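Dear colleague,

Please find below the structure that I am handing over to you. My findings follow directly after it.

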Amino acid sequence: MLSLKTVQSMLLGSAVADALGVPVEFKSRAELKKNPVTDMREFGTWRQPAGTWSDDTSLTVATMESIARLGRIDYYDILNNFARWYTQDEFVAGERGFDCGNTTAAGIQRFLHKIPPAFCGMTDANSNGNGSIMRILPVAAYLYKTHGKDFYDKEFKIVHDVSALTHAHPRSLIGCAIYCMFAAHLLDGEKISDALSAALSTAEKYYIVDEKFAGELQYYSRLYQPDFASLPENEINSGGYVVDTLEAAVWCVLNTDNYRDLVLKAVNLGRDTDTTATVAGGIGGILYGEEGIPAEWIATLKKADYLRNIAANFFDAIV
């Protein structure tokens with residue numbers, strides 16, 4: 001069942017992980033092997049105070065706030081919130097936002113130039129960064145609450161459409177859908193391996209019969225390998241590519257059994273540290289609850305109560 005505590009821990013789990021990754025974003029795995037992240041850090045890459053979350057959490061919050069206020073998915077309103085973040089520094093941890101991906105920026109700029117939301121997202125193969133998967137988890141919670149874990153046969157297109165506000169290529173849509181289905185089955189109380197298997201099986205059935213998507217499913221083929229969890233770390237990529245981010249986050253989930261180890265493993269993979277951790281951390285929040293997140297990390301997290309309130313408003317709107 002979806003509870004208030006679960007929604008709050010889901011958001012806090014992703015935000016804490018985001019904040020752990022922010023100071024070391026772009027650092028290589030080799031650098032982090034020498035000086036691994038073990039706790040909240042200050043300054044670093046973006047010269048931010050400890051506990052500061054990035055665009056990953058800001059856009060997640062912007063999505064949740066829209067759903068909380070309207071009680072439904074409204075693409076124009078979500079994009080308008082993104083624009084408020086982009087131009088007015090709303091939904092941020094400090095005084096200003098930072099770290100906006102090129103594809104996300106392009107989608108928002110198209111919206112600001114009066115392009116309808118359905119046509120704002122980038123559709124070329126080079127626009128398959130992780131800028132939509134990092135913010136899509138509230139949609140999974142919304143669809144799970146309204147349609148259950150098998151929402152794919154009713155409202156699967158909503159996942160695609162929310163991704164496509166900025167990232168509209170089929171590869172990004174598939175990645176977001178697999179992630180949302182994985183989360184939905186975990187929200188239903190399934191074991192990790194069962195939830196992942198169900199998500200992948202659903203994706204295969206859904207996409208293999210659609211010419212637009214069938215050829216793109218191959219990019220996620222490693223997730224279907226029985227020994228995926230056993231892949232060595234050096235075969236896990238952790239850059240900004242949506243496929244890499246989903247693989248890395250799932251690999252970290254499969255190879256840990258608590259929140260701390262999960263998000264530190266994700267951060268210390270290097271490169272796109274905040275987003276890999278955010279995607280993994282949202283799942284960690286679902287699995288381990290707020291009680292599983294180190295209390296000192298939540299105490300350091302910027303605007304933790306603000307995040308709890310956003311989550312509470314979101315939950316109230318969808319029950």
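I begin with Pro49, which lies in the loop between α2 and α3. The model is a predicted one, and the remarks in this message should be read accordingly. Pro49 is partly exposed, with a relative accessibility of 39%. Leaving aside neighbours within four places in sequence, Pro49 is in contact with Glu42 and Lys302. Its C-alpha atom is separated by 36 Å from that of Asp124, a residue 75 places away along the chain.

The loop between α2 (29–34) and α3 (55–70) also holds Phe43. Although Phe43 is not a glycine, its phi is positive, at about 60°. Phe43 is partly exposed, with a relative accessible area of 38%. Phe91 likewise has a positive phi, near 60°, and is a residue other than glycine. Phe91 sits in the loop between α4 (75–88) and α5. With a relative accessibility of 8%, Phe91 counts as buried, because the cut-off for that class is under 20%.

Turning to the chain as a whole, the secondary structure consists of 15 helices and 0 strands. The radius of gyration is 18 Å, close to the 20 Å that the globule rule gives for 319 residues, so the chain is as compact as a globular protein of that length. Along the principal axes, the C-alpha atoms fill a box of roughly 45 × 45 × 40 Å. Of the 319 residues, 59% count as buried. Among contacts between residues at least 6 apart in sequence, 72% join residues at least 24 apart.

As to the surface, the chain exposes about 12500 Å², and carbon and sulfur atoms supply 48% of that area. The chain carries 29 positive and 40 negative charges, and the mean positions of the two sets are 2 Å apart.

The interior deserves separate mention. In soluble globular proteins, nonpolar side chains tend to be buried together. Here, the largest nonpolar core has 111 residues, and those touching the most other members are Val16, Leu20, Ile136, Val159, Phe182, Leu301 and Phe314. Helix α8 (residues 170–187) gives the most to this core, with 13 residues. For Leu301, the contacts beyond four places in sequence are Leu12, Ala15, Val16, Ala19, Gly51, Trp53 and Leu307. Val16 thus appears both among these contacts of Leu301 and among the core residues that touch the most other members.

Which residues of α6 are buried? They are Leu137, Pro138, Val139, Ala140, Ala141, Tyr142, Leu143 and Tyr144. As 8 of the 11 residues of helix α6 (residues 137–147) are buried, this helix is largely enclosed by the rest of the structure. Gly148 follows α6 and has a positive phi, near 85°.

Finally, I would draw your attention to Thr104, which is found in helix α5 (residues 102–112). Is this residue buried or exposed? Thr104 is buried, with a relative accessible area of 3%. Apart from neighbours within four places in sequence, Thr104 is in contact with Leu59, Gly131, Thr166 and His167.

With kind regards

Methods
Residues numbered from 1 in each chain as written. Predicted model: local features only at pLDDT ≥ 70, side-chain atom pairs only at ≥ 80, totals over all residues. Heavy atoms only, no water. Core = buried A, V, L, I, M, F, W, Y, C linked by side-chain atoms within 4.5 Å. Buried < 20%, exposed > 50% of the residue type's maximum accessible area, 1.4 Å probe, protein only. Helix = DSSP H or I, 4+ residues; strand = E, 2+ residues; numbered from the N terminus. Contact = heavy atoms within 4.5 Å. Rg over C-alpha atoms; globule rule 2.2 N^0.38 Å. Areas by Shrake-Rupley, 256 points an atom, 1.4 Å probe, with all protein chains shown as cover. Lys, Arg positive; Asp, Glu negative; His and termini not counted. Charge placed at Lys NZ, Arg CZ, Asp CG, Glu CD.
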